[in-house]
Amino acid sequence: MTTENLPARIWAGQVFLSIIRMKTTILFLLGLLLINGAQASVSSEKNEPNERKIEELISKMTLQEKLGQMSQFDPGQLGGPEDTRQAIKDGKVGSILNLVGAREVNELQKVAVEESRLGIPLVIARDVIHGYRTIMPIPLGLTAGWNAELAEKAMAVAAEEAASEGIHWTFAPMIDVSRDPRWGRIAESSGEDTYLTSIMAKAMIKGFQGDDLSAPNTIAACAKHYVGYGAAEGGRDYNTTLIPEVQLRNDYLPPFQVAADAGVATFMSAFNDLNGVPASGNEFTLKQILRNEWNYKGMVVSDWASIAEMIPHGFAANSKEAAEKALKAGIDMEMASNTYVENVQALLDEGKIEMTTIDEYVANILRLKFDLGLFDNPYTDESAAAKSILSDKNLQVAKEAASESFVLLQNNNNVLPLSKDLSSVAVIGPLADAPHDQMGTWVFDGKKENTITPLTALNEMLGADNVNFARGLQISRTETTEGFAEAVEAANKSDVVLLFLGEESILSGEAHSLADLDLQGAQSELLDAVAETGKPVVLVIMAGRQLTIQNELAKADAVLYAWHPGTMGGPALADMLFGKTTPSGKLPVTFPKTVGQVPIYYNHKNTGRPADYQQWTDINKIPAEATQHSLGNTSHYLDAGFEPLFPFGFGLSYTTFDYSDLKLSSKNMGVDGSIEVSVQLKNTGEYEGAEVVQLYIRDRFGSVTRPVKQLKGHKKVSLKPGETTTVSLTLAAKDLEFFNGTGYVIEPGDFDVWVGTNSSEGLHSEFSIFED
């Protein structure tokens with residue numbers, strides 16, 4: 001370990017001073033390298049003819065041309081159209097982002113291929129996060145479907161549409177584990193759980209990249225943001241992250257390793273600093289873990305100007321030092337900023353970096369372009385978009401994805417599904433007919449005129465004469481109540497109220513963190529006003545994150561959480577509200593009662609004094625002048641208790657499911673073994689429906705403390721009324737491996753296992769792992 005690596009090796013509360021522990025770590029890493037190397041030799045075998053072409057190209061390149069390949073720019077950064085063309089012709093640009101349209105892309109590609117000295121094609125990048133023109137639910141909503149196959153199909157649609165417009169590379173999926181709903185980018189995530197995020201990461205990568213990256217309907221994916229970005233302090237975007245190595249390796253790194261193993265074409269370094277070292281200059285994460293331990297052979301790009309931002313971070317004194325640190329860490333391509341272009345020559349002259357490093361990074365970039373087939377076919381078929389964009393097939397996938405994303409949180413007196421015999425329905429709220437906001441955050445290319453809103457869908461389903469519409473509030477942040485009278489009138493002359501509340505799309509996403517998670521504006525007051533009519537109220541919430549809705553639950557008969565559902569959200573909602581489909585979504589995040597509980601997540605540690613209802617006293621039941629010991633010395637809040645509003649994995653259905661006869665194939669397994677966990681699942685209700693069967697475990701004792709529960713398996717099962725099936729899930733000892741500070745271990749001992757409908761309920765059994 002060299003002294004130049006020390007800053008990146010310092011982790012909060014853990015400094016490896018013990019020689020014995022260091023030897024153990026080194027031996028472990030050597031073994032891991034051998035294992036990963038063997039795996040990578042199969043999945044990442046290089047194309048030898050392409051490697052020869054890459055080597056030949058690099059031998060002909062000037063330093064300026066090499067740095068051009070290592071530079072990605074928005075066309076606007078290069079000046080006017082002629083300036084952009086000249087920069088490409090001169091070999092100063094390797095990648096363009098935020099350029100769309102097959103004709104526009106082809107024009108610049110022609111300059112690169114036919115007018116530049118070496119004819120190296122451009123790779124065109126775009127943030128295609130959850131759809132291109134056909135917009136899917138936000139990733140958090142898509143994950144609520146707990147359906148990896150559907151997520152793969154959704155991203156395949158996005159890839160096909162984007163590719164038809166000349167895009168080769170998307171900056172997705174975002175696989176940051178996110179446990180703080182104040183962070184706006186939780187909308188782009190798969191939520192709080194490492195396992196579920198990993199499952200969705202693999203599916204979305206396969207959706208984008210398909211089986212052949214050079215196919216005309218696939219694009220390169222990008223695993224972002226590497227790493228720890230989702231743990232930004234206080235939920236404030238771009239903020240510091242402090243994650244001990246044990247937690248980093250157990251909670252935040254696994255989805256990225258899954259992405260690497262799945263063959264993701266690119267990685268993106270994050271904005272944040274991690275334990276004092278910015279992610280774009282972090283040799284520990286980028287070089288030691290990503291390259292050495294995981295043997296990742298793909299390309300790494302910085303986030304927008306994140307290399308230059310190491311200067312305000314206080315990690316680099318100037319642009320030159322920032323470039324040096326990013327190069328030594330392993331950033332192949334710089335997005336948006338110019339630190340490489342401006343400083344590499346000087347760094348080479350001073351001997352601070354070697355030309356072999358530059359050549360290695362250029363090779364990674366050229367390899368991506370070869371894998372994409374750009375050297376053989378650099379141009380996009382300009383007729384492809386008309387056949388692909390917003391096709392019936394794509395819209396059907398979007399509708400299905402929206403439907404499976406909806407989570408039924410409350411259904412008092414089975415008010416849902418609604419009967420079509422209703423004489424009239426009130427449709428009220430700022431999100432009832434908000435086609436732009438319905439698409440959600442990070443939508444660059446979706447158009448609101450293609451979005452079908454709930455109002456539009458309900459008018460078509462029921463007839464406009466049977467729908468009484470009143471917006472009530474112009475937007476979600478409106479504080480005036482001037483529209484309330486019209487809303488109350490619509491409610492009074494209707495059999496039921498469908499109230500669409502939530503948040504506009506601009507209130508979540510990058511740089512849109514919130515300190516208050518209550519409904520914005522006068523939305524709660526609007527709910528009060530329509531509830532006072534005495535009509536049944538079905539509350540539909542469209543949002544980019546979990547909101548604090550405890551008070552609203554008490555005033556609504558039913559609550560359906562729809563996230564931001566995308567292009568086909570309206571028809572999907574109409575079908576579900578009237579029983580054509582049945583809710584099957586489950587929460588990928590824990591819902592807090594109040595923002596003061598944040599962060600709150602199901603797989604927390606137990607503490608030495610875990611809370612329970614026998615030890616907790618509600619603040620309103622504490623007698624005056626109570627002695628201190630009368631309150632119960634456990635980990636809780638006096639005013640909010642210790643439980644969430646809704647637990648991770650929660651979601652109701654129109655039908656009911658009964659779990660019984662939990663069985664384990666064995667109560668013991670070796671450290672390289674597995675067991676089958678099975679349960680009988682019966683649909684005991686009146687509707688056909690799908691249930692997400694969830695398997696959780698707890699390692700009772702470990703060399704480091706273990707979470708109270710961890711999701712380790714799930715299966716989505718559809719059943720007709722009265723139907724019973726056996727659901728089997730395999731639990732391998734490898735699934736129970738964790739990092740304990742010195743290495744990855746599977747520790748013998750006793751384990752709890754639960755199978756049930758969410759993280760708080762389930763049938764229980766136990767098993768043991770023994771040393772073989």
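Which residues do ring pairs link into a cluster? Select Tyr226, Phe256, Phe267, Trp294 and Tyr296, and you have the cluster on screen. Before you go further, please keep in mind that this is a predicted model. Now let's take the tour stop by stop.

**Stop 1: an aromatic pair**

Aromatic rings are a good place to begin. The count of aromatic pairs in this model comes to 25. To see one of them, select Phe591 and Phe646: their ring centres are 6.2 Å apart and their planes stand at 75 degrees, so this pair is edge-to-face. An angle over 60 degrees is what earns that label.

Now show the backbone around the two rings. Phe591 and Phe646 each lie in the loop between helix H24 (569-577) and strand E17 (657-664), so the pair ties together parts that are 55 residues apart in sequence. Are these residues buried or exposed? Phe591 counts as buried, at 0% relative accessibility, and Phe646 is buried too, with a relative accessible area of 8%.

Stay with this loop for a moment and select Val598 and Pro599. The loop between H24 and E17 also holds Pro599, and the peptide bond leading from Val598 to Pro599 is cis, with omega near 0 degrees.

**Stop 2: charges over rings**

Next, select Lys224 and Trp442. Lys224 lies over the face of Trp442, 5.7 Å from the ring centre. Turn your attention to Trp442 itself, in the loop between helix H19 (435-439) and helix H20 (454-462). Its backbone is worth a look: phi of Trp442 is near 55 degrees, a positive value in a residue other than glycine. Trp442 counts as buried, at 16% relative accessibility.

Then select Arg249 and Phe739. Here Arg249 lies over the face of Phe739, at 4.9 Å from the ring centre.

**Stop 3: helices H10 and H11**

Keep Arg249 selected, and add helix H10 (residues 245-252) and helix H11 (residues 254-261). At what angle do their axes cross? The axes cross at roughly 50 degrees and come within 5 Å. That makes H10 oblique to H11. On the H10 side, the contact is made by Leu248, Arg249, Asn250, Asp251 and Tyr252, while H11 brings Pro254, Pro255 and Phe256. Sorted by class, this contact has five nonpolar, one polar and two charged residues. Two of these names have appeared before: Arg249 sits over the face of Phe739, and Phe256 belongs to the ring cluster from the opening.

**Stop 4: helices H14 and H15**

For another helix pair, select helix H14 (residues 319-329) and helix H15 (residues 339-349). They pack at an angle of about 85 degrees, with their axes 9 Å apart. H14 and H15 are therefore roughly perpendicular to each other. From H14, color Ser319, Lys320, Ala323, Glu324, Ala326 and Leu327; they meet Thr339, Tyr340, Glu342, Asn343, Val344, Ala346 and Leu347 in H15. This contact divides into seven nonpolar, three polar and three charged residues.

Now select Ala336, in the loop between strand E10 (334-335) and H15. Phi of Ala336 is near 80 degrees, a positive value in a residue other than glycine. Ala336 counts as buried, at 5% relative accessibility.

**Stop 5: what surrounds helix H22**

Select helix H22 (residues 523-531). Which of its residues are buried? They are Gln523, Ser524, Leu526, Leu527, Ala529 and Val530. To see what these residues pack against, add strand E12 (425-428), helix H21 (484-492), strand E14 (496-502), strand E15 (537-542) and helix H23 (550-553).

From E12, move to the loop between strand E11 (407-411) and E12, where you will find Pro417. A cis peptide bond joins Leu416 and Pro417, and omega is about 0 degrees.

**Stop 6: a meeting across the sequence**

Finish with Ala401, in helix H18 (residues 392-405). Ala401 counts as buried, at 2% relative accessibility. How many residues separate Ala401 from Pro137 in sequence? They are 264 residues apart in sequence, while their C-alpha atoms are 6.8 Å apart in space. Leaving out residues up to four places away in sequence, Ala401 touches Met136, Pro137, Leu142 and Leu150. Select those four together with Ala401 to see this contact for yourself.

How values were computed:
Residues are numbered from 1 along each chain as its sequence is written. This is a predicted model: local features need pLDDT of at least 70, side-chain atom pairs count only at pLDDT 80 or more; totals for chains, interfaces and linings use all residues. Side-chain values use heavy atoms; hydrogens and water are left out. Rings of Phe, Tyr and Trp (its six-membered ring) pair if their centres lie within 6.5 Å; planes under 30 degrees apart count as stacked, over 60 as edge-to-face and the rest as tilted. Helices (H or I, at least four residues) and strands (E, at least two) are DSSP runs, numbered from the N terminus. Buried means under 20% relative accessible area, exposed over 50%, partly exposed in between (1.4 Å probe, protein chains only). A charge sits over a ring if NZ of Lys or CZ of Arg is within 6 Å of the ring centre and within 35 degrees of the ring normal. Contact means heavy atoms within 4.5 Å. Axes are lines fitted to C-alpha atoms, for helices over the stretch in contact, and angles run from 0 to 180 degrees between N-to-C directions. Angles under 35 degrees count as roughly parallel, over 145 as roughly antiparallel, 65 to 115 as roughly perpendicular and the rest as oblique. Ala, Val, Leu, Ile, Met, Phe, Trp, Tyr, Cys and Pro count as nonpolar, Asp, Glu, Lys and Arg as charged, and the others, Gly among them, as polar.
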